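Biologist: I should be grateful for a close look at a single part of this model. Please explain the terms as they arise.

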Amino acid sequence: MLYCCFPATRQLLWLLQQKALIMSKGTVVLAYSGGLDTSCILVWLKEQGYDVITYLANIGQDEDFEAARKKAESLGAKKVFIEDLRTEFVEDFIWPAVQANAVYEDRYLLGTAVARPCIARRQVEIARTEGAQFVSHGATGKGNDQIRFELTCYALYPEVKVSLFIYCVDEHGIPVPVTPRAPWSMDANLMHISYESGILENPKSRAPADLYLMTKNPEDSPNVQDVLEIEFKNGVPVKVTNMNDGISKNTALDVFSYLNEIGGKHGVGRIDIVENRFIGMKSRGIYETPGGTVLLKAHLDIETFTMDKEVRRIKQGLGIKFSELVYNGFWYSPECDFVRHCIAKSQENVEGKVQLSVFKGQVYILGRESPKSLYNEELVSMDVQGDYDPCDASGFIRINAVRLREHHRLQGLSSTKQ
């Protein structure tokens, strides 16, 4: 009633609102972790005159999400979004990586690289919904993640601007989570945990024994193997059963989480590598990817069992290209979209069950079966001739020898002339 009765009050309120709008430089959606870097960015953006919406994605990391919410609010966030993206992370990003047998530079299973487009996709959706003109993140300019975040944002929201952060931590009273016990950088999600920087920057230095959080030391793992049966359809796991105790999981999130549990229990999936970053420098990283490692072994097996030889040869090349594109931040590029569609097409007959043992840091394939198998037991048998004529092999060999004979004849002529 006070607002209606006093025109001067209405005018004053209107002027204050207009002043606030003029002072604000716009709205930023900040990919927020609750850690030191993104908390400093939040404060800095506020000081620069931006309205800040923080966004925290739950992709399986061990995080106190409610504490992060309260921290963001206390530092001045206009809104706080906390999104559970675990299921879509598995279905939309991890499963395509499994189908591709995605491995960067022969060893890295891309746990961080596949997570970034998942996080950034939702960040862009929030930015559009909230009418935000800017997005921001806490990735360092020397790493790959700044590229991955920003390429995704520009691809999905071409008009967006990225708010870059240059700031020094000072008297703002933001809690610093780093302790002398863990002087390295860590990134965790459902697929893996990565460790780099700090004392790990010397590539000769061994990782401390207490660094690993997701996997046991294989020496300390159980002395009894876990025998699993993983069922695939269209190249992705649809069910996992532990043959030891009959436990079975059949949703995407449950399947992957259970494989993490079993793989981690047996110390599967640890690697210590030096890799080539997209920006041109080498970096040392330590990764543990238990569930992903189990799935890679199983998928390779069922794929070879069910896929035509020449199709698989082409698909192997596509898998390498996919891995490079994802590592370099091009998930939402036209070429990666094309490669993903080709890989998905190749998986139409990748169906069946793989039995394997997980034990002391290793995964051992025990057997496989499939209604789409290209394995012909009678054809391949050494005891049954079937409709294969061994004489055909002689002609096959002679035809393939023509090229070799001609090559060596030429080499012989060259050496004689010399």
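Biologist: What distance should the 17 residues of H9 span at 1.5 Å a residue, and how far apart are its end C-alpha atoms?

Modeller: This is a predicted model, in which local features need pLDDT of at least 70 and side-chain atom pairs count only at pLDDT 80 or more, while totals for chains, interfaces and linings use all residues. Residues are numbered from 1 along each chain as its sequence is written, and side-chain values use heavy atoms, leaving out hydrogens and water.

The 17 residues of H9 should span 24 Å, and the end C-alpha atoms lie 25 Å apart, which agrees. The expected span is 1.5 Å times one less than the number of residues. Helices (H or I, at least four residues) and strands (E, at least two) are DSSP runs, numbered from the N terminus. H9 is largely enclosed by the rest of the structure, because 14 of its 17 residues are buried (under 20% relative accessible area, with a 1.4 Å probe and protein chains only).

The setting of H9 includes an open, antiparallel sheet of five strands, ordered E10-E9-E8-E13-E14. Its edge strands, E10 (248-249) and E14 (362-369), each pair on one side only; pairing requires at least two DSSP bridges between two strands. E9 (residues 236-242) joins E10 in the antiparallel sense over two bridges, and valine 240 has lysine 249 of E10 as its bridge partner. Helix H9 (residues 290-306) packs on this sheet, touching E8 (226-233), E9, E13 (352-359) and E14, where contact means heavy atoms within 4.5 Å. The direction of H9 makes about 30° with that of E14; axes are lines fitted to C-alpha atoms, for helices over the stretch in contact, and angles run from 0 to 180 degrees between N-to-C directions.

Definitions and conventions
Buried means under 20% relative accessible area, exposed over 50%, partly exposed in between (1.4 Å probe, protein chains only).
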